Amino acid sequence: MTIYDELHSDHLKLIGLIDELLDMPDRGDEDYRTNLIRDIEVEVVLHVRAEEKLLFDSMRSQKNPAYMNLLQRALKQHREVEQMLYALREKNKQDEENSSAVWRSAAEDFRDALVHHISHEELKLIPVARKAFTARENIQMGTDFLELKNEMRVQGIPMLRYA
Ligand SMILES: [Fe+2]
Ligand SMILES: [Fe+2]
């Protein structure tokens, strides 16, 4: 599989996880909700770090000015997504203490930012990236992407940045 197949399947998985969260009731199942938010955090952080290291860095090293704007926008969106995920984690903590339900609007904001970013990648960045590398490189990056994610999963998930 190419790195783009791997990225696409991660994107669907991430949207699936946030939709599962939004389908939950406002209150009740606090432990399940907190674990689900933690799972989302793990999957987002692994995806974003591996994507930056394998795809974005490889594109940047080609020094093609046409890629720079696409990459800068994607990195800015990664920051926004991570900030909103941090906010969601904090709101959820408050909800555990106060039995209110402020987690939901934070989850909706996070979903919007995530969907906006995934659209940028799927519709703008990936079509350009596909042509920036050979077919063999696209497959090799797919293998490396999976390996890097597994390594990080075993060694410990990096923290959210920008929090
Ligand atoms: Fe992505
Ligand atoms: Fe991304």
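**Group meeting: Gly 142 and the helices around it**

Let's start with one residue. Gly 142 lies in helix α5, which covers residues 135–155. A caution before going on: this is a predicted model.

Is Gly 142 buried or exposed? Neither label fits, because it has 18 C-beta neighbours inside 10 Å and so counts as partly exposed. The cut-off for buried is 20 or more.

Which residues does Gly 142 touch, beyond its neighbours within four places in sequence? The contacts are Met 1, Thr 2, Ile 3, Asp 5 and Glu 6. Ile 3 will come up again. For another distance from this residue, take Leu 70. Gly 142 and Leu 70 are 72 residues apart along the chain, and their C-alpha atoms are separated by 20 Å.

Now the whole protein. It has five helices and zero strands. From the N terminus, the order is simply α-α-α-α-α. The radius of gyration is 17 Å, and the globule rule gives 15 Å for 163 residues; those values are close, so the protein is as compact as a globular protein of that length. The C-alpha atoms fill a box of roughly 55 × 30 × 25 Å along the principal axes.

How many of the residues are buried? Of 163, 25% count as buried. Then the contacts. Take those with a separation of 6 or more: 78% of them join residues 24 or more positions apart.

On to helix packing. First pair: α1, residues 3–22, and α2, residues 30–61. They pack at about 160°, with axes 10 Å apart. The cut-off for roughly antiparallel is over 145 degrees, and α1 and α2 are therefore roughly antiparallel to each other. The crossing of α1 past α2 is left-handed.

Who makes that contact? On the α1 side, the residues include Ile 3, Leu 7, Leu 14 and Leu 17. On the α2 side, they include Leu 36, Ile 40, His 47 and Leu 55. By class, this contact has twelve nonpolar, one polar and seven charged residues. Note Ile 3: it is part of the α1 contact with α2, and it is also in contact with Gly 142.

Second pair: α3, residues 65–98, and α4, residues 103–132. The angle is about 160°, and the axes are 9 Å apart. Once more, α3 and α4 are therefore roughly antiparallel. α3 passes α4 in a left-handed crossing. What is the make-up of this contact by class? It has 16 nonpolar, five polar and seven charged residues.

That's the picture. Happy to rotate the model if anyone wants another look.

Terms used. Residues are numbered from 1 along each chain as its sequence is written. Chains are lettered from A and ligands numbered from 1 in the order in which they are written. This is a predicted model: local features need pLDDT of at least 70, side-chain atom pairs count only at pLDDT 80 or more; totals for chains, interfaces and linings use all residues. Helices (H or I, at least four residues) and strands (E, at least two) are DSSP runs, numbered from the N terminus. A residue is buried if 20 or more other C-beta atoms lie within 10 Å of its own, exposed if 12 or fewer, and partly exposed in between; C-beta atoms are placed from the backbone. Two residues are in contact if their C-beta atoms, placed from the backbone, lie within 7 Å. The radius of gyration is taken over C-alpha atoms; the globule rule is 2.2 Å times the number of residues to the power 0.38. Axes are lines fitted to C-alpha atoms, for helices over the stretch in contact, and angles run from 0 to 180 degrees between N-to-C directions. Angles under 35 degrees count as roughly parallel, over 145 as roughly antiparallel, 65 to 115 as roughly perpendicular and the rest as oblique. A crossing is left-handed if the near helix is turned anticlockwise from the far one by less than a right angle, and right-handed if clockwise. Ala, Val, Leu, Ile, Met, Phe, Trp, Tyr, Cys and Pro count as nonpolar, Asp, Glu, Lys and Arg as charged, and the others, Gly among them, as polar.
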